[in-house]
Amino acid sequence: MTRRIVLLMIDRPADWEYGPLVGAAHAWFGIDVVSASIDAAPLTTMGGLSLQPQRRLQELAADDADLWVVPGSPLWDEAPAPAPIVHALRERAARGGAIAGICGGTRALAAAGLLNARAHTSNEPAYLDAVPGYSGQAHYREQACVSADGIVTAPGTSPVSFAEACLLRVLPEQAEGIAQMRAMFAREFA
């Protein structure tokens, strides 16, 4: 059975936040990676690359894929999370589907109410406070990545820890290979 990760994006996604995850997932672990957005219109990444989402949000079933990933984008900071994305995240979580958010993507998870009662992290403790409906301050953890109750969160400074936690959600039986991937990336800082 092919495992699948869906990247649920808005315009100007942060290339470095999902890059280690999708590169390792597809090339090293054989996971199918699919990009999606509200309307599948072309996006421009923060790095200036053109990205053509493969699916529209309405084409995704709440239980489609092993993991939905919401990358950061400066647009998460400039406006409330779009209602269709918030609704889709709530529906997926209600069905027990795993979801991950990094950097600004954690604001979408907070808007959906997914961080109010579970351990999580983000860019800094106050980063989520302006999100309407967010009341999870007591569950905030100052960590590189947090995986709790089917939800993975990370600040934008932790793309490798985020990739590791996401891959472990999708392929827990590949823990040794995932640890090797992390060690490979960590060599840069040794």
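These legends describe close-up views of a predicted model.

**View 1. Helix α5 and its length.**
Helix α5 covers residues 159-170. At 1.5 Å a residue, its twelve residues should span 16 Å. The C-alpha atoms at its two ends are 16 Å apart, which agrees with that expectation.

**View 2. The surroundings of helix α5.**
How many of the twelve residues of α5 are buried? Nine are, so the helix is largely enclosed by the rest of the structure. The buried residues are Pro159, Ser161, Phe162, Ala163, Glu164, Ala165, Cys166, Leu167 and Val170. They pack against both strands and helices. The strands are β1 (4-8), β6 (67-70), β7 (98-102) and β9 (151-154). The helices are α1 (15-28) and α6 (175-186).

**View 3. Helices α5 and α6 side by side.**
Two packed helices are described by the angle between their axes and the distance between the axes. Here the axes of α5 and α6 come within 10 Å. They cross at roughly 170 degrees. An angle over 145 degrees counts as roughly antiparallel, and α5 and α6 are therefore roughly antiparallel to each other. On the α5 side, the contact is made by Val160, Ser161, Ala163, Glu164, Leu167 and Leu168. On the α6 side, Ala175, Ile178, Met181, Arg182 and Phe185 take part.

**View 4. Ser161, a residue of helix α5.**
Ser161 sits in helix α5. Its relative accessibility is 14%, so Ser161 counts as buried. Which side chain does Ser161 join through a polar contact of 3.0 Å? The partner is Arg182. Leaving aside neighbours within four places in sequence, Ser161 is in contact with Ala144, Cys145 and Arg182.

**View 5. Leu167, another residue of helix α5.**
Leu167 also lies in helix α5. Is Leu167 buried or exposed? At 0% relative accessibility, Leu167 counts as buried. Residues up to four places away in sequence are not counted in its list of contacts. That list holds Leu21, Ala24, Ala25, Phe29, Ile31, Pro172, Ile178 and Met181. Gly177 is ten residues from Leu167 along the chain. The C-alpha atoms of Leu167 and Gly177 are separated by 10.0 Å.

**View 6. Ile102 in strand β7.**
Ile102 belongs to strand β7. With 0% relative accessibility, Ile102 counts as buried. Beyond residues up to four places away in sequence, Ile102 touches Glu17, Val70, Pro71, Gly72, Ala154, Pro155, Gly156, Ser158, Pro159 and Phe162. Pro159 and Phe162 are among the buried residues of α5. Arg56 is 46 residues from Ile102 in sequence. From C-alpha to C-alpha, Ile102 and Arg56 are 21 Å apart in space.

**View 7. A salt bridge between helices α2 and α4.**
The whole structure has nine salt bridges. One of them joins the side chains of Asp77 and Arg107, at 3.8 Å from N to O. This pair links distant parts of the chain, 30 residues apart. Asp77 is in helix α2 (residues 75-78), and Arg107 is in helix α4 (residues 105-111). Asp77 is partly exposed, with a relative accessible area of 42%. Arg107, at 14% relative accessibility, counts as buried.

**View 8. Further salt bridges.**
Glu59 and Arg56 meet through their side chains in a salt bridge of 3.4 Å, N to O. Glu59 counts as partly exposed, at 40% relative accessibility. Arg56 counts as partly exposed as well, at 33%. Glu91 forms a salt bridge with Arg95. Their closest N and O atoms are 3.7 Å apart. Glu91 is partly exposed at 31% relative accessibility, whereas Arg95 is exposed at 58%. Salt bridges that share partners also join Arg4, Asp32, Arg55 and Asp64 into one network.

**View 9. Two loop residues with positive phi.**
Most residues other than glycine have a negative phi. Arg12 is not a glycine, yet its phi is positive, at about 65 degrees. Arg12 lies in the loop between β1 and α1. At 32% relative accessibility, Arg12 counts as partly exposed. Asp149 is not a glycine either, and has a positive phi of about 50 degrees. Where does Asp149 lie? Asp149 is in the loop between β8 (146-148) and β9. Asp149 is exposed, with a relative accessible area of 62%.

Methods:
Residues are numbered from 1 along each chain as its sequence is written. This is a predicted model: local features need pLDDT of at least 70, side-chain atom pairs count only at pLDDT 80 or more; totals for chains, interfaces and linings use all residues. Side-chain values use heavy atoms; hydrogens and water are left out. Helices (H or I, at least four residues) and strands (E, at least two) are DSSP runs, numbered from the N terminus. The expected span of a helix is 1.5 Å times one less than its number of residues. Buried means under 20% relative accessible area, exposed over 50%, partly exposed in between (1.4 Å probe, protein chains only). Contact means heavy atoms within 4.5 Å. A salt bridge is a side-chain nitrogen of Lys or Arg within 4 Å of a carboxyl oxygen of Asp or Glu. A polar contact is a pair of N or O atoms within 3.5 Å; within protein, one must be able to donate a hydrogen and the other to accept it, and residues adjacent in sequence count only if both atoms are side-chain atoms. Axes are lines fitted to C-alpha atoms, for helices over the stretch in contact, and angles run from 0 to 180 degrees between N-to-C directions. Angles under 35 degrees count as roughly parallel, over 145 as roughly antiparallel, 65 to 115 as roughly perpendicular and the rest as oblique.
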